[in-house]
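Welcome! Have the structure open beside you and try each exercise before reading its solution.

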Amino acid sequence: MTNASLLLHAQGLVKNFALPDGGKIRAVDGVSFDLNAGETLAVVGESGSGKTTLARILARIEPIDEGEATFLGADWLRARGGALRRLRRQMQMVFQDPYGSLDPLQRVDSAIGEPLAIHEPSLRGAERATRILEALEAVGLGREALSRYPHEFSGGQRQRLAIARALVLRPQLVIADEPVSALDPSIGAQILELLGRLQRQFGLTYLLISHSFPVVAQLATRIAVMREGKIVEMGAAADVLQHPAHPYTRALVAAVPELPVAPGRFLGA
Ligand SMILES: Nc1ncnc2c1ncn2[C@@H]1O[C@H](COP(=O)(O)OP(=O)(O)O)[C@@H](O)[C@H]1O
Ligand SMILES: [Mg+2]
């Protein structure tokens, strides 16, 4: 079988924004890539390079201007109604700021149960409670979290809650936009470790968006380097980190003193 493991195919994605002076900016400028099941494709680039816009158009949070995307074999960008709902539950997002996905006024049980209420309305109460607890336990939290509110948790725990909410529907693809950049490095490292463990446990595919090469190096199997809306280099993570081909990538990699290329191994050490 060809393409048996192709999960997402994106072709020529373009997103423009209007500027106040009447001009426009091409935030995403002809981006194409394939995402295979089980891999982690990291999109790395400086602030303003278009990473978040790419995530948002891919997740259909914002409409796209040009391009095509096939997700799970279906025309993702044109899917509507029931077909869109079936696909959408397979693609979940984690944001930099957990408040982006957690309502401060919503208790944890209701926040994590909400996607189930929308996508699996026929679940009975006890089944829903089990699924909510499973998702919480998968991210290292427990039953005592259920009746609490987001503000009662630390930043790292809130990101765990956001991940639980993303995972409760058992998606195949998780798009994580700067999932640790709002956290202290040691807490961020724990969240990255958790993401790696969840990937192995549930066979997840990640599109990991980050401005940080050390973050990307910890999880990525492939790396796409983005600059001014375009992917300027894409390849196996070790190749891009150790033998960057594009001058822009070389400059970015050179700016980082030491890069883990695999758990426990360090470049240049
Ligand atoms: N809603 C918007 N309206 C106008 N310009 C935007 C909007 N969102 C992003 N941009 C612009 O698009 C470019 C890419 O932004 P973004 O996707 O947020 O980059 P990154 O996530 O890599 O920092 C930037 O120049 C940014 O100012
Ligand atoms: Mg961003």
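## Exercise 1: Two unusual loop residues

L72 sits in the loop between strand 4 and strand 5 (74–75). Keep in mind that this is a predicted model.

**Task.** Find the sign of phi at L72, and then say where R60 lies.

**Solution.**
- Step 1: Begin with L72, a residue other than glycine whose phi is positive, near 50°.
- Step 2: Go to R60, which is found in the loop between helix 1 and strand 4 (66–71).
- Step 3: Check the backbone there: R60 is not a glycine, yet its phi is positive, at about 60°.

## Exercise 2: The surroundings of ligand 1

**Task.** List the residues around ligand 1, sort them by class, and work out which helix gives the most to the shell.

**Solution.**
- Step 1: Collect the residues around the ligand: F17, I25, A27, E46, S47, G48, S49, G50, K51, T52 and T53.
- Step 2: Sort this shell by class, which gives three nonpolar, six polar and two charged residues.
- Step 3: Look for the elements that each supply at least two residues of the shell: these are strand 2 (24–36) and helix 1 (51–58).
- Step 4: Pick out the main contributor, helix 1, with three residues.

## Exercise 3: Polar contacts of ligand 1

**Task.** Identify the atoms of S49, K51 and T52 that lie a short listed distance from oxygen atoms of ligand 1, and then state how much of the ligand the protein buries.

**Solution.**
- Step 1: Use the cut-off for a polar contact, a pair of N or O atoms within 3.5 Å.
- Step 2: At S49, a polar backbone atom is 3.2 Å from an oxygen atom of ligand 1.
- Step 3: At K51, the partner is a polar side-chain atom, 2.8 Å from an oxygen atom of the ligand.
- Step 4: At T52, a backbone N or O atom lies 2.9 Å from an oxygen atom of ligand 1.
- Step 5: Turn to area: ligand 1 taken alone exposes 560 Å², and the protein buries 61% of that.

## Exercise 4: Two helix pairs

**Task.** Is helix 5 roughly parallel or roughly perpendicular to helix 6, and how is helix 3 placed against helix 4?

**Solution.**
- Step 1: Helix 5 (residues 155–167) packs on helix 6 (residues 185–202) at an angle of about 20°, with the axes 10 Å apart.
- Step 2: Therefore helix 5 is roughly parallel to helix 6.
- Step 3: Helix 3 (residues 108–119) and helix 4 (residues 125–138) pack at about 115°, with their axes 10 Å apart.
- Step 4: So helix 3 is roughly perpendicular to helix 4.
- Step 5: Finish with the handedness: helix 5 passes helix 6 in a right-handed crossing, and helix 3 passes helix 4 in a right-handed crossing too.

Definitions and conventions: Residues are numbered from 1 along each chain as its sequence is written. Chains are lettered from A and ligands numbered from 1 in the order in which they are written. This is a predicted model: local features need pLDDT of at least 70, side-chain atom pairs count only at pLDDT 80 or more; totals for chains, interfaces and linings use all residues. Side-chain values use heavy atoms; hydrogens and water are left out. A residue is near a molecule or strand if one of its heavy atoms lies within 4 Å of it. A polar contact is a pair of N or O atoms within 3.5 Å; within protein, one must be able to donate a hydrogen and the other to accept it, and residues adjacent in sequence count only if both atoms are side-chain atoms. Accessible areas come from the Shrake-Rupley method with a 1.4 Å probe; for residues, only the protein chains shown count as cover. Helices (H or I, at least four residues) and strands (E, at least two) are DSSP runs, numbered from the N terminus. Ala, Val, Leu, Ile, Met, Phe, Trp, Tyr, Cys and Pro count as nonpolar, Asp, Glu, Lys and Arg as charged, and the others, Gly among them, as polar. Axes are lines fitted to C-alpha atoms, for helices over the stretch in contact, and angles run from 0 to 180 degrees between N-to-C directions. Angles under 35 degrees count as roughly parallel, over 145 as roughly antiparallel, 65 to 115 as roughly perpendicular and the rest as oblique. A crossing is left-handed if the near helix is turned anticlockwise from the far one by less than a right angle, and right-handed if clockwise.
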